[in-house]
Amino acid sequence: MLLLVGLGNPGNEYARNRHNIGFMAVETIAQRHRFTPWKKRFQGQTAEGTVAGDKVLALEPATFMNLSGQSVVAALQFYKLKPENVVVIHDELDLPPGKIRVKKGGGHGGHNGLRSIDAHIGKDYWRIRLGIGHPGNKDLVSGYVLHDFAKADQSWIDPLLDAVSDNLPLIVDGQPELFMNKVTVATQGK
């Protein structure tokens, strides 16, 4: 079983924020792969489905970004999973808009959602980093991530979310490099 966590902040006022691209990704995955309807549990909301023959539990923590680890550890403990069964999809300031990187472990890079998850389950989980770009000045970061994407960003957001969803079976099958390559090829020039 795979625990697929999208990071973001709950509530309609945050729905289109740059910080919520993780929520956007798991919602696209749940819709495309015909997961069950969302229901409240584990201090968040979950939807279940099957991808590449394996059970996948999608989780959107409702604890706000800085406390995401509380929700993740609750689901992890309930299903008796190990951190390596967790894939977290999150926004990444240090990648250009629309770019993707996948890695297991590593630091939080100042991302408060990852910092919280690290504190609750350790660092040995998978991360799908979706580039949102950087505002250019560290003092502008908070306002940047908590503002909605511009309309012009839709030209790369939708293709990126579609490619992540379409190629998710490669993550489930343990082929993160191929997943990253296929998503990159699908979104080139977008």
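In what order do the elements of the protein chain run from the N terminus on? The order is β-α-β-β-β-α-β-β-α-β-α-α-α-α, in a model that is predicted. The protein chain holds seven helices and seven strands. Its radius of gyration is 15 Å, close to the 16 Å that the globule rule gives for 190 residues, so the chain is as compact as a globular protein of that length.

**Overall dimensions and surface**

- The C-alpha trace of the protein chain spans about 40 × 30 × 30 Å along its principal axes.
- Of the 190 residues, 50% count as buried.
- The exposed area of the protein chain comes to about 8900 Å², and carbon and sulfur atoms supply 49% of that area.
- Among contacts in the protein chain with a separation of 6 or more, 66% are between residues 24 or more positions apart.

**The sheet**

- Seven strands form an open sheet in the order 2-3-4-1-5-7-6, and their pairing is mixed.
- Strand 2 (39-41) and strand 6 (100-104) are the edge strands, each of which pairs on one side only.
- On average, neighbouring strands of this sheet are turned by 30° against each other, direction ignored.
- Helix 2 (residues 68-78) packs on the sheet and touches strand 1 (2-6), strand 2, strand 3 (44-51), strand 4 (54-61) and strand 5.
- The direction of helix 2 makes about 150° with that of strand 4.
- Strands of a sheet pair through backbone hydrogen bonds, in either a parallel or an antiparallel sense.

**Strand 7 and its two partners**

- Strand 5 (residues 86-92) and strand 7 (residues 126-131) run parallel and are joined by six bridges.
- Within this pair, Ile-89 has Ile-128 of strand 7 as its bridge partner.
- Strand 6 pairs with strand 7 in the antiparallel sense, over five bridges.
- Opposite Arg-101 stands Arg-129 in strand 7.
- Five of the six residues of strand 7 are buried, which leaves the strand mostly covered.

**Helix 5**

- Helix 5 (residues 154-166) has 13 residues and reaches 18 Å from its first C-alpha to its last.
- That span is close to the 18 Å expected at 1.5 Å a residue.
- Its buried residues are Trp-156, Ile-157, Leu-160, Leu-161, Ala-163, Val-164 and Ser-165.
- An α-helix has 3.6 residues a turn, so residues three or four places apart point the same way.
- The buried residues of helix 5 pack against two strands of the sheet, strand 6 and strand 7.
- They also pack against helix 1 (21-32), helix 6 (168-172) and helix 7 (176-187).

**Asp-91**

- Asp-91 lies in strand 5.
- Its relative accessibility is 2%, so Asp-91 counts as buried, the cut-off being under 20%.
- Leaving aside neighbours within four places in sequence, Asp-91 is in contact with Arg-18, His-19, Ile-21, Met-65, His-111, Leu-130, Ile-132 and Val-145.
- One of these contacts, Leu-130, falls within the residue range of strand 7, 126-131.
- Asp-91 and Pro-159 are 68 residues apart along the chain, and their C-alpha atoms are separated by 16 Å.

**The loop between strand 4 and helix 2**

- Asn-66 is found in this loop, between strand 4 and helix 2.
- Asn-66 has a relative accessible area of 48% and is therefore partly exposed, since exposed means over 50% and buried under 20%.
- Not counting residues up to four places away in sequence, Asn-66 touches Asn-112 and Ser-116.
- From Asn-66 to Asp-158 the C-alpha to C-alpha distance is 26 Å, with their positions 92 residues apart in sequence.
- Phe-64 also has its place in the loop between strand 4 and helix 2.
- At 40% relative accessibility, Phe-64 counts as partly exposed.

**Positive phi values**

- Most residues other than glycine have a negative phi.
- Phi of Phe-64 is near 70°, a positive value in a residue other than glycine.
- Phe-42 is not a glycine either, and its phi is positive at about 55°.
- Phe-42 lies in the loop between strand 2 and strand 3.
- With a relative accessible area of 13%, Phe-42 is buried.

Note on methods. Residues numbered from 1 in each chain as written. Predicted model: local features only at pLDDT ≥ 70, side-chain atom pairs only at ≥ 80, totals over all residues. Heavy atoms only, no water. Pairing = 2+ DSSP bridges. Helix = DSSP H or I, 4+ residues; strand = E, 2+ residues; numbered from the N terminus. Axes fitted to C-alpha atoms, helices over the stretch in contact; angles between N-to-C directions. Contact = heavy atoms within 4.5 Å. Rg over C-alpha atoms; globule rule 2.2 N^0.38 Å. Buried < 20%, exposed > 50% of the residue type's maximum accessible area, 1.4 Å probe, protein only. Areas by Shrake-Rupley, 256 points an atom, 1.4 Å probe, with all protein chains shown as cover. Expected span 1.5 Å × (residues − 1).
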